[in-house]
Amino acid sequence: GVGIFDGDLLIIDRHIKPHTGCVIYGQLNGEFICKIYDEKQRMLLSSHENCQAIVIHDYDDFCVEGVVIRTLRQHFYLNDFINIASDYSELRTNLDDLLVLHPCATWFGVAQGNSMQDEGIYDGDILIIDRQVNALQGAVIVAQLNGEFICKIFDKKRRMLLSANPQYHAVPIRDCDTFSVEGIVIRSVRMHFKSSLQGLWSCTP
């Protein structure tokens with residue numbers, strides 16, 4: 001799928017020309033929609049197998065409002081996220097505040113692998129990591145385990161690192177391991193268009 005979840009914030013570019021295969025945000029007969037655009041077949045597609053394709057008829061009132069270039073998913077919840085996201089005019093001037101809580105303590109990484117996909121973190125996603133937020137039970141963290149960067153759910157009580165994919169086993173943190181929490185994943189950004197940010201350090205989920 002394209003990795004867009006209920007509640008994700010869509011970052012939309014009105015200047016990019018929509019083409020087949022891109023994710024668009026638009027209006028169809030007065031209703032806002034977010035779909036995969038098939039320009040040749042004049043159809044709107046979903047990435048979910050249970051959702052049928054929508055045919056765009058000549059009599060339909062259809063317009064593309066923009067192309068979805070990024071989707072922002074929050075993993076550390078604040079009331080401010082919802083308030084800002086619901087006000088488009090405010091969002092346009094406060095995107096940095098929405099992405100970063102503590103600028104001097106924030107760094108970025110790129111996810112590799114699919115072990116965190118049920119948490120909405122996919123291979124190639126940009127991780128926004130905050131060193132100042134405390135690593136509480138159940139937080140999504142980036143850590144170093146025996147010299148390797150990993151992104152996992154922190155089971156602090158049992159000293160285990162959990163995946164968000166049933167195909168992966170939990171990783172125990174043993175007394176002999178070299179382990180350190182490098183920060184909390186507060187946001188992840190899914191890249192629907194490529195960016196130079198994807199050349200940064202990788203974190204393996």
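# Close-up views of a predicted model

**View 1. Arginine side chains over aromatic rings.** The charged end of Arg73 is placed over the ring of Phe5, at 4.5 Å from the centre of that ring. In this predicted model, a second arginine is found over an aromatic face, for Arg190 lies over Tyr122 and is 4.5 Å from the ring centre. Both Arg73 and Arg190 return in the next view, where they are among the residues that line the largest cavity.

**View 2. The largest cavity and the residues around it.** The structure holds 1 cavity of 30 Å³ or more, and the volume of the largest cavity is about 30 Å³. Its lining is made up of Gly3, Asp8, Thr71, Arg73, Gly120, Asp125, Ser188, Val189 and Arg190. Two strands, E6 (62–74) and E13 (179–191), each supply at least two residues of this lining, and strand E13 gives the largest share, with 3 residues. Sorted by class, the lining of the largest cavity has 4 charged residues, 4 polar residues and 1 nonpolar residue.

**View 3. A stacked pair of aromatic rings, Tyr25 and Phe32.** The structure holds 5 aromatic pairs. In the pair formed by Tyr25 and Phe32, the ring centres are 5.4 Å apart and the planes meet at 15°, so this pair counts as stacked, the cut-off for stacking being an angle under 30 degrees. Tyr25 is partly exposed, with a relative accessibility of 24%, and Phe32 is likewise partly exposed, with a relative accessible area of 49%.

**View 4. Asn29 in a loop between two strands, with Tyr59 across from it in sequence.** Asn29 belongs to the loop between strand E2 (23–28) and strand E3 (31–38), and this residue has a positive phi of about 55° although it is not a glycine. Most residues other than glycine have a negative phi. With a relative accessibility of 47%, Asn29 counts as partly exposed. Tyr59, which is located in the loop between strand E5 (54–55) and strand E6, is 30 residues away from Asn29 along the chain, while the C-alpha atoms of Tyr59 and Asn29 are separated by 9.5 Å. Is Tyr59 buried or exposed? Tyr59 is exposed, because its relative accessible area is 67% and the class begins over 50%.

**View 5. Asn146 in the loop between strands E9 and E10.** Asn146 is found between strand E9 (140–145) and strand E10 (148–155), in the loop that lies between them. Asn146 is not a glycine, but has a positive phi of about 55°. The relative accessible area of Asn146 is 46%, so this residue is partly exposed.

**View 6. Val140 and Phe179, each with a partner distant in sequence.** Val140 is found in strand E9 and is buried, with a relative accessible area of 3%. The chain places Val140 and Ile184 44 residues apart, and in space their C-alpha atoms are separated by 5.9 Å. Phe179 has its place in strand E13, the strand that also supplies the largest share of the lining of the largest cavity. Phe179 is partly exposed, at 23% relative accessibility, and a distance of 9.4 Å, C-alpha to C-alpha, lies between Phe179 and Glu148, which are 31 residues apart in sequence.

**View 7. Cysteines in a structure without disulfides.** A disulfide is a covalent bond between the sulfur atoms of two cysteines. How many disulfides are counted here? The count comes to 0 disulfides, where a pair of cysteine sulfur atoms would have to lie within 2.5 Å to be counted. Three cysteines may be examined in turn. Cys22 has its place in the loop between strand E1 (9–13) and strand E2, and at 6% relative accessibility Cys22 counts as buried. The C-alpha atoms of Cys22 and Lys35, which are 13 residues apart along the chain, are separated by 8.4 Å. Cys34 is partly exposed, with a relative accessible area of 29%, whereas Cys104, at 86% relative accessibility, counts as exposed.

Methods: Residues are numbered from 1 along each chain as its sequence is written. This is a predicted model: local features need pLDDT of at least 70, side-chain atom pairs count only at pLDDT 80 or more; totals for chains, interfaces and linings use all residues. Side-chain values use heavy atoms; hydrogens and water are left out. Buried means under 20% relative accessible area, exposed over 50%, partly exposed in between (1.4 Å probe, protein chains only). On a 1 Å grid over the protein atoms alone, a cavity is a set of points where a 1.4 Å probe fits but cannot get out, and a pocket is an open set with protein on both sides within 12 Å along at least five of seven lines; lining residues have an atom within 4 Å of a point. Grid points are joined across faces, edges and corners, and a volume is the space filled by probe spheres set on the points. Helices (H or I, at least four residues) and strands (E, at least two) are DSSP runs, numbered from the N terminus. Ala, Val, Leu, Ile, Met, Phe, Trp, Tyr, Cys and Pro count as nonpolar, Asp, Glu, Lys and Arg as charged, and the others, Gly among them, as polar. Rings of Phe, Tyr and Trp (its six-membered ring) pair if their centres lie within 6.5 Å; planes under 30 degrees apart count as stacked, over 60 as edge-to-face and the rest as tilted. A charge sits over a ring if NZ of Lys or CZ of Arg is within 6 Å of the ring centre and within 35 degrees of the ring normal.
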